[in-house]
Amino acid sequence: MSTPRPTTTGDPGGPSGTPQAVATPKAKMSRRQKAKISRGIQYGLLVVIAVVVALMADWPTLIDTFGRVDIAVGMFPEVVTQALKNTVIFTLLGFVLGLAIAIVLALMRLSSVGVYRWLAFVYIEFFRGLPALVVFLVMGFGMPLAFEGFNLPQLVIIMIALALVSSAYMAETIRAGIQAVPKGQVEAARSLGMSSSRAMFTIVLPQAMRIILPPLTNELILLTKDSSLAYILGSSVDGRELTALARAEIVNTANLTPFIVVALCYLIITIPLSYLSRVLERKYGSAEAGVK
């Protein structure tokens with residue numbers, strides 16, 4: 001019995017009939033591989049830039065200018081017991097008053113009365129367009145010159161200035177939150193015999209506040225930083241906030257280390273608030289999506 005001859009595939013090749021291997025194309029890189037290589041290149045460039053900056057920096061001068069430990073230690077405990085405490089007090093008072101004004105403005109913007117909508121619109125656009133510094137200057141120096149009896153305590157002036165700045169922004173946030181509440185909620189409340197005002201304050205506003213909590217937290221962070229403008233009004237030693245204390249210490253020490261200490265104090269306030277804003281956004285954002 002004869003054995004069958006093995007068959008070959010492909011081109012028989014040259015004259016001798018010897019089979020040749022067929023070349024297979026190289027596999028292309030996937031998008032994930034390309035992205036991984038791109039990230040590696042970017043990280044490498046960042047490391048190179050960081051090394052170059054670190055080598056070029058005059059570290060002894062930087063440390064002597066911004067990192068004097070003895071000056072930083074000398075600012076305690078006043079930086080916490082006075083300046084940080086005053087900053088928190090100014091911020092909270094301005095936020096509470098600003099939130100109350102913002103709720104009224106948001107309801108005026110949604111009112112069926114044209115005059116209310118117009119007044120709220122002018123207020124919001126006016127104070128959103130003004131720098132916070134101008135508001136502090138007008139409240140601290142302009143109003144006492146214009147009105148002889150305008151001699152309010154400095155704490156009240158700072159609170160009003162912060163409230164005027166923040167209320168214009170919060171009013172638009174609250175208005176958007178009210179409009180995000182389904183209209184069926186209001187219709188159901190009205191069908192139960194509730195008045196429009198009672199439905200607004202008992203049904204709509206509580207739901208809207210849940211929606212706008214994250215942006216209101218961000219506004220609180222911005223207001224914390226705006227409170228630093230209170231230094232332009234001047235204050236006693238006990239009434240200094242963080243920036244005023246830093247300026248006084250810089251004048252006394254002829255060094256910029258107090259600014260670094262104050263910056264860390266602001267981060268102590270703003271970083272937890274930023275984390276809280278993200279937590280609220282995940283919590284109430286997912287709840288809102290579930291309702292929809």
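Which side chain does Asp 70 meet in a salt bridge? The partner is Arg 68, at 3.0 Å from N to O. Keep in mind that this is a predicted model. The chain has 11 helices and 0 strands, and buried residues make up 32% of its 292 residues. Here's a quick tour, starting with the overall layout and ending with a few local oddities.

**Overall layout**

- Reading along the sequence, you go through α-α-α-α-α-α-α-α-α-α-α, with strands counted at 0.
- Take the contacts in the chain with a separation of 6 or more: 74% of them are between residues 24 or more positions apart.

**Salt bridges**

- In general, side chains of opposite charge can pair when their charged atoms come close.
- The count here is 3 salt bridges.
- Back to the opening pair: Asp 70 is partly exposed, because its relative accessibility is 49% and the partly exposed class runs between 20% and 50%.
- Its partner Arg 68 also counts as partly exposed, at 28% relative accessibility.
- Glu 172 and Arg 109 meet through their side chains in a salt bridge too, with 3.5 Å from N to O.
- That pair ties together distant parts of the chain: Glu 172 sits in helix α7 and Arg 109 in helix α4 (residues 78-109), 63 residues apart.
- Glu 172 has another salt-bridge partner, Arg 175, and here the closest N and O atoms are 2.9 Å apart.
- This one stays inside a single helix: Glu 172 and Arg 175 both lie in α7, 3 residues apart, or about one turn of the helix.
- Is Glu 172 buried or exposed? Glu 172 is buried, because its relative accessibility is 16% and the cut-off for buried is under 20%.
- Arg 175 is buried as well.
- Put together, Arg 109, Glu 172 and Arg 175 form a network of salt bridges.

**Where α5 meets α7**

- In general, two packed helices are described by the angle between their axes and the distance between the axes.
- For helix α5 (residues 114-129) and helix α7 (residues 154-180), the axes come within 8 Å and cross at roughly 125°.
- The two helices are therefore oblique to each other, since roughly 125° lies above the perpendicular range of 65 to 115 and is not over 145, where antiparallel begins.
- The crossing of α5 past α7 is left-handed.
- On the α5 side, the contact uses Tyr 123, Ile 124, Phe 127 and Arg 128.
- On the α7 side, you'll find Leu 164, Ser 167, Ala 168, Tyr 169, Ala 171 and Glu 172.
- Sorted by class, this contact has 7 nonpolar, 1 polar and 2 charged residues.
- Glu 172 turns up again here, among the α7 residues that meet α5, and it is also part of the salt-bridge network with Arg 109 and Arg 175.

**Where α4 meets α9**

- How do α4 and helix α9 (residues 196-226) cross, and at what angle? Their axes come within 11 Å and cross at roughly 140°.
- That angle makes α4 oblique to α9.
- The crossing is right-handed.
- From α4, the contact residues are Thr 87, Thr 91, Gly 94, Phe 95, Leu 99, Ile 103 and Leu 107.
- From α9, they are Met 200, Phe 201, Leu 205, Leu 216, Leu 220, Leu 223 and Thr 224.
- By class, the contact has 10 nonpolar, 4 polar and no charged residues.

**Local spots to look at**

- Phe 76 and Pro 77 are joined by a cis peptide bond, with omega at about 0°.
- Pro 77 is placed in the loop between α3 (69-74) and α4.
- Ala 254 has a phi near 55°, a positive value in a residue other than glycine.
- You'll find Ala 254 in the loop between α10 (242-253) and α11 (257-291).
- Ala 254 counts as exposed, because its relative accessibility is 71% and the exposed class is over 50%.

**Leu 62**

- Leu 62 is in helix α2 (residues 59-66) and is partly exposed, with a relative accessible area of 34%.
- Leaving aside neighbours within four places in sequence, Leu 62 is in contact with Ala 57 and Gly 67.
- Leu 62 and Thr 257 are 195 residues apart in sequence, yet their C-alpha atoms are 9.9 Å apart in space.

Conventions:
Residues numbered from 1 in each chain as written. Predicted model: local features only at pLDDT ≥ 70, side-chain atom pairs only at ≥ 80, totals over all residues. Heavy atoms only, no water. Axes fitted to C-alpha atoms, helices over the stretch in contact; angles between N-to-C directions. Helix = DSSP H or I, 4+ residues; strand = E, 2+ residues; numbered from the N terminus. Parallel < 35°, antiparallel > 145°, perpendicular 65-115°, else oblique. Left-handed = near helix turned anticlockwise from the far one by under 90°. Contact = heavy atoms within 4.5 Å. Nonpolar A, V, L, I, M, F, W, Y, C, P; charged D, E, K, R; others polar. Salt bridge = Lys/Arg side-chain N within 4 Å of Asp/Glu carboxyl O. Buried < 20%, exposed > 50% of the residue type's maximum accessible area, 1.4 Å probe, protein only.
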